[in-house]
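Student: I've got a structure open and I'd like to learn how to read it. Can we go through some features together?

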Amino acid sequence: MVTANTELGYNSKVEGGVIISKADAVINWIRTESMWPMPMGLACCAIELMAVGGARFDIARFGAEVMRFSPRQADCMIVAGTVTYKMAPQVRRIYDQMSAPKWVIAMGACASSGGMYRSYATLQGVDRIIPVDVYVSGCPPRPEALLDALMKLQAKVRREPAASRLLSA
Amino acid sequence: MSAAAVTALKAQFPQATDRASADHLAVNVPLGDLVLALKYLRDARGFDLLMDMTAIDWAEGASPRFTVVYHLLATSEPGTALRIAANCAGPDAAPTAPSVVGLWAGANWHERECFDMFGITFIGHPDLRRILMWDGYPYHPLRKEFPLAGIETDLPVADIEEVTGTRVIAAPMAGGPFVASTGEVNLTDAEPRAKDESWSDRQPQPGQTELRQMKD
Ligand code: SF4
């Protein structure tokens with residue numbers, strides 16, 4: 001039979017098994033260390049995104065190796081490539097299907113600003129249709145640059161008032 | 001081998017004429033002879049591969065305005081290529097040409113692209129839809145009067161446009177289009193750059209939509 005533990009004071013039996021922290025810190029720790037990406041690979045930048053997933057650069061070191069092709073299981077959309085106007089509505093739909101909390105990395109010049117494609121066919125920056133958290137410069141960015149973006153995003157998420165947001169939601 | 005084919009083609013189709021070309025031989029044929037001429041070349045002269053099919057816009061006011069061009073290759077004789085060109089029929093705004101999907105199935109997507117980019121209707125095409133731009137896009141971007149930056153119009157999906165407040169805009173050209181300088185020995189000088197640098201993102205060209213500021 002299990003009885004309720006009414007003991008409030010120090011208990012030497014659970015020493016080392018209990019950690020005191022803030023809810024924000026715990027929630028953000030969970031979020032930052034398992035940020036599953038939605039690989040929105042649309043052009044050449046997606047090749048570098050694949051390199052980041054490979055053994056040499058190994059995005060698994062940051063807990064983000066689980067590329068989810070279902071937006072409902074993903075936390076962070078990595079827009080890697082040129083977003084055409086034809087594709088833009090689909091990018092927005094997929095973003096809408098991701099469950100909150102969700103973040104976006106715009107990888108490369110194209111996703112950030114339209115890049116060199118100053119033309120009738122290309123969306124001039126994916127931030128016109130979805131909110132972007134981190135922009136990565138480069139054409140294409142080095143894999144290290146994407147890892148840096150991921151770390152920047154983790155730093156940003158760590159500062160979020162997660163608990164109060166959850167309670168007010 | 002192409003030369004013999006051209007001679008034979010001209011004997012078969014007396015209205016065919018030589019066409020100036022920088023590399024492979026090229027022949028003009030009247031639009032009415034086009035399909036028969038291509039069929040003859042395919043069946044009797046061994047030009048079994050349609051490598052490419054494209055069109056030329058001779059600019060507004062030119063008559064005829066559009067020309068379709070077929071790039072043929074004889075795979076049994078390597079390097080034997082031939083180009084066939086024909087001026088389109090119909091008014092400038094709605095040119096037409098016969099479809100050759102019956103001769104080469106691969107012409108299907110080429111003709112769709114030509115239709116998408118130039119607005120040439122291929123009569124007899126089984127499924128003439130846009131292939132690069134979305135259905136409902138109002139322009140044909142490779143026509144000479146269409147600006148590279150594009151023309152402001154609606155996004156392909158109405159509810160996304162409503163939610164995001166974003167439209168298809170004329171792209172900010174930042175002094176572009178960017179043109180490479182040919183004949184430069186120094187590669188840095190040969191890099192593509194804007195020839196007209198009198199305006200930029202901060203000083204927009206008159207008539208262009210200004211770049212929207214970044215969202216918070
Ligand atoms: S930024 Fe460069 S590498 Fe990346 S998608 Fe655009 S053109 Fe390709």
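Student: Let's start in chain A. In which loop is Pro140(A) found?

Tutor: Keep in mind that this is a predicted model. To place a residue, find the elements on either side of it. Pro140(A) sits in the loop between strand 4 (134-136) and helix 5 (143-158) of chain A. The peptide bond leading into it, from Cys139(A) to Pro140(A), is cis, with omega near -10 degrees.

Student: Okay, and what about the peptide bond from Ser63(B) to Pro64(B): cis or trans?

Tutor: Omega is the angle to look up for that. Here omega is near -5 degrees, and the bond is cis. Pro64(B) belongs to the loop between strand 3 and strand 4 of chain B.

Student: Phi is another backbone angle. What is phi of Ala59(B) near?

Tutor: Look at the sign, then at the residue type. Phi of Ala59(B) is near 85 degrees, so we have a positive value in a residue that isn't glycine, and this residue counts as partly exposed because its relative accessibility is 26%, between the 20% and 50% cut-offs. Ala59(B) also lies in the loop between strand 3 and strand 4 of chain B. Chain A has a case too: Asp58(A) is not a glycine, yet its phi is positive, about 55 degrees. You'll find Asp58(A) in the loop between helix 2 (45-53) and strand 2 (76-80) of chain A.

Student: Back to the loop in chain B. Why does Arg65(B) count as buried?

Tutor: Compare its relative accessible area with the cut-off. Arg65(B) is buried because its value is 6%, and buried means under 20%. This arginine is found in the loop between strand 3 (49-57) and strand 4 (66-74) of chain B.

Student: Which side chain does the side chain of Arg65(B) join in a polar contact of 2.8 Å?

Tutor: Trace from the side chain to its partner. The partner is Asp57(B). If you skip neighbours within four places in sequence, the contacts of Arg65(B) include Ala59(B), Asp92(B) and Arg143(B).

Student: Can we zoom out? How many helices and strands does chain B have?

Tutor: Count each kind of element along the chain. Chain B comes to 5 helices and 9 strands. Read from the N terminus, the order is α-β-β-α-β-β-β-β-α-β-α-β-α-β. Of its 216 residues, 41% count as buried.

Student: Now for the place where the chains meet. How much area do chain A and chain B bury between them?

Tutor: Start with the total, then ask who contributes. The two chains bury about 2100 Å², with 64% of it on carbon and sulfur atoms. On the chain A side, Arg118(A), Tyr120(A) and Arg128(A) lose the most area to chain B, together 40% of what that side buries. The contact takes 17 residues from chain A and 30 residues from chain B.

Student: Which side chains meet in a salt bridge there?

Tutor: Look for opposite charges facing each other across the chains. The count between chain A and chain B is 1 salt bridge, and Arg93(A) and Asp159(B) meet in a salt bridge at 3.1 Å, N to O. As for the side of chain A that touches chain B, its largest share, 3 residues, comes from helix 3 (residues 88-97) of chain A. Sorted by class, that side has 9 nonpolar, 2 polar and 6 charged residues.

How values were computed:
Residues numbered from 1 in each chain as written. Chains lettered and ligands numbered in written order. Predicted model: local features only at pLDDT ≥ 70, side-chain atom pairs only at ≥ 80, totals over all residues. Heavy atoms only, no water. Helix = DSSP H or I, 4+ residues; strand = E, 2+ residues; numbered from the N terminus. Buried < 20%, exposed > 50% of the residue type's maximum accessible area, 1.4 Å probe, protein only. Polar contact = N/O pair within 3.5 Å; in protein donor to acceptor, adjacent residues only side chain to side chain. Contact = heavy atoms within 4.5 Å. Buried area = accessible area lost by both parts, 1.4 Å probe. Salt bridge = Lys/Arg side-chain N within 4 Å of Asp/Glu carboxyl O. Nonpolar A, V, L, I, M, F, W, Y, C, P; charged D, E, K, R; others polar.
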